[in-house]
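Please open the model in your viewer and keep the sequence panel beside it, since this tour moves from one selection to the next.

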Amino acid sequence: MSITKKTRVFAKIEKKSIPIQEEMSNDTFHAMMTTGYSQALKDDSQPMDEVFKELEECLS
């Protein structure tokens with residue numbers, strides 16, 4: 001008789017804090033804003049509902 005178990009493998013995730021504007025130099029802040037703006041113009045994003053649904057599926 002074979003017993004199988006549902007197992008999960010998790011990659012080690014380093015906690016990354018997002019800096020607040022007051023902690024950044026003006027150059028760093030503007031670079032971050034430029035990157036985000038460029039991504040928005042290219043529609044390089046996913047709807048929030050889809051992202052959370054995918055996360056829930058991966059964790060269940």
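## Along helix α2

Begin by selecting Glu 54, which in this predicted model is partly exposed, with a relative accessible area of 46%. Glu 54 belongs to helix α2, which covers residues 48–59, so you may like to colour that stretch before going on. Now add Asp 49, Glu 50, Glu 56 and Glu 57 to the selection, and you will have, together with Glu 54, the residues that form a negative surface patch.

Next, clear the selection and pick Leu 55, another residue of helix α2, which is partly exposed because its relative accessible area of 45% falls between the 20% limit for buried and the 50% limit for exposed. Extend the selection to Met 48, Val 51 and Phe 52, and with Leu 55 these make a nonpolar surface patch of about 390 Å².

## Helix α1 and what follows

Move to residues 26–41, the 16 residues of helix α1, and place a distance label between the end C-alpha atoms: they are 22 Å apart, which agrees with the 22 Å expected at 1.5 Å a residue. Then select Asp 43, which follows α1 and has a positive phi, near 55°.

## The whole chain

Finally, show the whole chain in cartoon form, where you can find two helices and zero strands. How much of the chain counts as buried? Of its 60 residues, 3% do. If you switch to a surface display, the accessible surface comes to about 6,600 Å², and 56% of that belongs to carbon and sulfur atoms.

How values were computed: Residues are numbered from 1 along each chain as its sequence is written. This is a predicted model: local features need pLDDT of at least 70, side-chain atom pairs count only at pLDDT 80 or more; totals for chains, interfaces and linings use all residues. Side-chain values use heavy atoms; hydrogens and water are left out. Patches are made of residues with over 30% relative accessible area and no salt bridge: like charges are joined within 9 Å, nonpolar side chains (Val, Leu, Ile, Met, Phe, Trp, Tyr) within 5 Å. Accessible areas come from the Shrake-Rupley method with a 1.4 Å probe; for residues, only the protein chains shown count as cover. A salt bridge is a side-chain nitrogen of Lys or Arg within 4 Å of a carboxyl oxygen of Asp or Glu. Lys and Arg count as positive and Asp and Glu as negative; His and the chain ends are not counted. The place of a charge is taken as NZ of Lys, CZ of Arg, CG of Asp or CD of Glu. Helices (H or I, at least four residues) and strands (E, at least two) are DSSP runs, numbered from the N terminus. Buried means under 20% relative accessible area, exposed over 50%, partly exposed in between (1.4 Å probe, protein chains only). The expected span of a helix is 1.5 Å times one less than its number of residues.
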